[in-house]
Amino acid sequence: MLLRNKISGKKILFFSVQTFNLEKEIKNKMEENGAIVTYYDERPSNSNFTKGIIRLKRAMYQKKIDAYYQSILDSIRKETFDFLFVNRGEVITANFLKEFKKLQPNCEMIFFTWDSFTNHSHPTTILQYFEKRFSFDREDAEKYNIGFRPLFYLDKYKKIKKESSSNYKYDLLFLGTAHSDRYIISSKVAEWCVKNGFRTFTYYYMHSKAVYFYQKIFDKSFREFDYKKLSFNSLSTDQIVDLYKNSNIILDINHPGQKGLTMRTFETIGAGKKMITTNEEIKKYPFYSPDIFYVIDRNDIILDPDFFSSSKKIISDELYYRCSIEGWLSDIFLKDEKDDWKSIMNIN
């Protein structure tokens with residue numbers, strides 16, 4: 001209700017890269033709360049080539065990026081917005097933000113990223129243009145003196161929790177973008193599961209073939225990837241939800257250079273599932289319980305078969321709501337960036 005009071009009837013200009021349809025879910029949730037949302041993909045094109053070239057050689061594509069953002073400025077020139085909300089900031093340009101601020105001096109500009117600045121540094125060059133800035137990575141938030149706000153689960157995961165069943169198709173599920181040592185770790189975990197009579201399902205997503213072959217040459221961890229196991233098509237939200245519904249435990253392998261909790265962590269909470277994760281940071285969060293989260297060392301993987309059959313602890317209703325997409329949007333739109341999650345963290 002508080003979120004609705006803040007954004008109902010307000011015009012929001014929303015930018016986000018397309019990521020497993022999450023941008024649509026965010027837009028829909030803002031509109032459910034009464035906002036009038038205009039959405040643009042951060043990328044000029046969502047083709048695999050465009051995604052690959054922006055990641056690997058952005059300078060070669062900069063003219064098209066600039067032209068794209070100029071066209072957006074031209075199309076919104078006569079409109080008035082209450083909020084500019086940029087999610088991730090992988091592509092949006094400093095020039096666009098400066099020109100937009102001139103056109104819309106009373107518009108509140110809000111930034112959030114669900115990626116580490118060590119993976120994508122471009123957002124650090126545009127933080128100065130926003131009134132409120134948040135990162136899902138606590139260390140990035142502290143380093144750049146911005147707000148810390150973890151991720152969220154979608155409403156669809158609540159239904160899984162309500163319809164919880166012990167009849168699972170898979171004992172362990174891994175879904176994720178192919179990067180770093182994910183293939184090595186997930187393969188070792190899958191092999192252990194097979195030896196111990198547990199069923200597994202793995203899905204590796206790659207943005208484009210160009211990115212794959214580039215990584216194959218310059219990243220030694222990619223040399224072990226089985227090309228046949230890669231998919232260049234992302235799963236839909238409904239497909240992911242169905243896989244969660246039919247799984248007992250979710251395997252989470254964070255990027256070695258990233259300490260912020262992944263979306264998978266919050267989907268696990270939303271669905272009422274358990275998780276095996278390589279991210280030691282999970283122990284600092286208020287919803288952590290060893291009954292829900294089993295932490296492994298990515299360099300020395302030790303698993304416990306009892307975790308697959310043990311009961312799980314239920315988190316409080318308040319925390320469950322704060323982990324939802326509406327709880328996430330409420331924090332971003334209603335709270336100051338200094339009124340963040342650090343106060344409820346178990347930080348020594």
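**Exercise 1. Decide whether Phe-83 is buried or exposed, then place its ring partner.**

*Solution.* Begin with the accessibility: Phe-83 has a relative accessible area of 4%, so Phe-83 is buried. Here, buried means under 20% relative accessible area, exposed over 50% and partly exposed in between, with a 1.4 Å probe and protein chains only.

A word on the model before going on: it is predicted, so local features need pLDDT of at least 70 and side-chain atom pairs count only at pLDDT 80 or more, while totals for chains, interfaces and linings use all residues. Residues are numbered from 1 along each chain as its sequence is written, and side-chain values use heavy atoms, leaving out hydrogens and water.

Next, check the partner: Phe-333 is buried at 1% relative accessibility. The ring centres of Phe-83 and Phe-333 lie 5.1 Å apart with planes at 85°, so this pair is edge-to-face. The rule pairs rings of Phe, Tyr and Trp (its six-membered ring) with centres within 6.5 Å; planes under 30 degrees apart are stacked, over 60 edge-to-face and the rest tilted.

Finally, locate both: Phe-83 is in strand E3 (residues 83–87) and Phe-333 in helix H13 (residues 325–334), so the pair ties together parts that are 250 residues apart in sequence. Helices (H or I, at least four residues) and strands (E, at least two) are DSSP runs, numbered from the N terminus. Both rings belong to one aromatic cluster, whose members include Tyr-39, Trp-114 and Trp-328.

**Exercise 2. Work out how the axes of helix H2 and H13 cross.**

*Solution.* Start with the axes, which are lines fitted to C-alpha atoms, for helices over the stretch in contact, with angles from 0 to 180 degrees between N-to-C directions. The axes of H2 (residues 22–32) and H13 come within 11 Å and cross at roughly 75°. That makes H2 roughly perpendicular to H13, a label for angles of 65 to 115 degrees; under 35 counts as roughly parallel, over 145 as roughly antiparallel and the rest as oblique.

Now find the residues that meet: Glu-25, Ile-26, Lys-29 and Met-30 in H2 face Ile-325, Glu-326, Trp-328, Leu-329 and Phe-333 in H13. Contact means heavy atoms within 4.5 Å.

**Exercise 3. Which strands do the buried residues of H8 pack against?**

*Solution.* First, list some of those buried residues: among them are Tyr-183, Ile-185, Val-189 and Trp-192. They pack against strand E7 (170–177), strand E8 (200–205) and strand E10 (247–252). Just after H8, Gly-197 takes a positive phi of about 80°.
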